[in-house]
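User: I'm new to reading protein models, and I'd like some help finding my way around this one. Could you walk me through a few features, step by step?

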Amino acid sequence: MMTNAPIGVYDSGMGGLTVWREVRRALPEESLVFLGDGKNCPYGSRSREEIQQLADAAVARLVKDEGCKMVVVACNTATAAAIDFLRAKYAPVPFVGMEPAVKPACLATQSGVVGVLATERSLDGDLFRRTAARYGVGIKVVTAPGRGFVELVERDREDSPEAEACVRAAVTDMLLRGADQIVLGCTHYPFLLPVLRRVLDGHSVSIVDPSPAVARRVVQLLDANSLRAEAGHVPEYRFLTFADEAYRRRLMLKAGAATAP
């Protein structure tokens with residue numbers, strides 16, 4: 001039955017597993033196919049046209065080859081560059097993208113300063129600009145690209161002295177300006193949470209991860225389109241990549257780490 005078809009989750013690499021984890025928790029009876037490009041990661045400094053081509057290839061594999069009933073673009077950069085293109089080309093397949101979690105951060109701030117960590121492409125995208133302009137009235141939004149963050153996660157170096165140095169360099173200016181909210185604007189970044197918390201120790205700062213909100217949106221769209229899996233359906237989890245078999249196996253291992261408490 002169509003309702004038992006899998007949900008596709010796509011990212012440039014391993015970061016989208018943080019969204020995959022939340023979707024799995026919210027929908028334990030749904031089968032999931034995760035596609036981590038890997039071969040072309042990172043996307044952050046690529047052109048819009050190139051990202052659209054890469055996203056198109058990934059979604060074609062999920063929808064046409066794997067029969068996915070919905071696609072979650074679990075990549076902030078791909079969402080910013082390609083989500084409208086994908087929705088138009090693959091209609092009526094429902095898509096869920098990554099929303100910049102600026103709204104909840106701006107609503108929660110007490111200092112009036114919000115920090116946003118994201119890739120260069122995401123920070124330069126229309127989606128981020130519109131969101132920041134709409135909800136950042138009267139709020140100082142301080143942005144910084146997470147230079148090296150994606151590469152650290154892809155190399156399994158997210159809890160290393162190198163990672164701590166990169167994180168410290170990215171957030172120092174935000175802290176000096178009084179940020180009390182820091183938004184994680186890339187799905188790779190939650191893998192750096194242990195290091196980020198160490199760097200922020202002693203500061204009254206809340207970290208805003210949009211992944212749980214994305215999972216809630218997936219639930220809403222499944223129900224709105226009557227696409228829920230049958231009650232009692234036993235889910236299957238598959239992992240795909242455009243890289244090699246070794247990378248695919250690393251995705252599986254990283255998925256296990258992503259589901260740890």
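**Reading burial, bridges and packing**

Analyst: Let's start with one residue: Asp-56 is buried, with a relative accessible area of 16%. Buried means under 20% relative accessible area, exposed means over 50%, and partly exposed is in between (1.4 Å probe, protein chains only).

User: What kind of model is this, and how are residues numbered?

Analyst: This is a predicted model, where local features need pLDDT of at least 70 and side-chain atom pairs count only at pLDDT 80 or more, while totals for chains, interfaces and linings use all residues. Residues are numbered from 1 along each chain as its sequence is written, and side-chain values use heavy atoms, with hydrogens and water left out.

User: Okay, which residue does Asp-56 form a salt bridge with?

Analyst: The general idea goes like this: side chains of opposite charge can pair when their charged atoms come close. A salt bridge is a side-chain nitrogen of Lys or Arg within 4 Å of a carboxyl oxygen of Asp or Glu. Here, Asp-56 forms one with Lys-89, and the closest N and O atoms are 2.8 Å apart. Asp-56 lies in helix H2 and Lys-89 in helix H3, so this pair ties together parts that are 33 residues apart in sequence. Helices here are DSSP runs (H or I, at least four residues), strands are runs of E (at least two), and both are numbered from the N terminus. As for Lys-89, it counts as partly exposed at 45% relative accessibility.

User: How many salt bridges does a search of the whole structure find?

Analyst: The search turns up 19. Among them is Arg-46 with Glu-50, whose closest N and O atoms are 2.4 Å apart. Arg-46 is partly exposed, with a relative accessible area of 21%, and Glu-50 is partly exposed too, at 30%. Asp-223 and Arg-228 also meet in a salt bridge, at 2.7 Å from N to O. In that pair, Asp-223 is partly exposed at 43% relative accessibility, and Arg-228 is partly exposed at 37%. Salt bridges that share partners also join Asp-156, Glu-158, Arg-250 and Lys-254 into one network.

User: Back to the helices: at what angle do H2 and H3 pack?

Analyst: To get an angle, you fit lines to C-alpha atoms, for helices over the stretch in contact, and take the angle between N-to-C directions, from 0 to 180 degrees. Helix H2 (residues 48–65) and helix H3 (residues 76–89) pack at about 55°, with axes 9 Å apart. That makes H2 oblique to H3. Angles under 35 degrees count as roughly parallel, over 145 as roughly antiparallel, 65 to 115 as roughly perpendicular, and the rest as oblique.

User: Which residues of H2 meet H3?

Analyst: Contact means heavy atoms within 4.5 Å. On the H2 side you'll find Arg-48, Ile-51, Gln-52, Ala-55, Asp-56 and Val-59, and the residues they meet in H3 include Phe-85, Leu-86 and Lys-89.

User: Can we finish with a loop? Where does Ser-12 lie?

Analyst: Ser-12 lies in the loop between strand E1 (7–11) and helix H1 (17–26). Ser-12 is buried, with a relative accessible area of 4%. Leaving out residues up to four places away in sequence, Ser-12 touches Gly-36, Asp-37, Gly-38, Cys-41, Tyr-43, Cys-75 and His-188.
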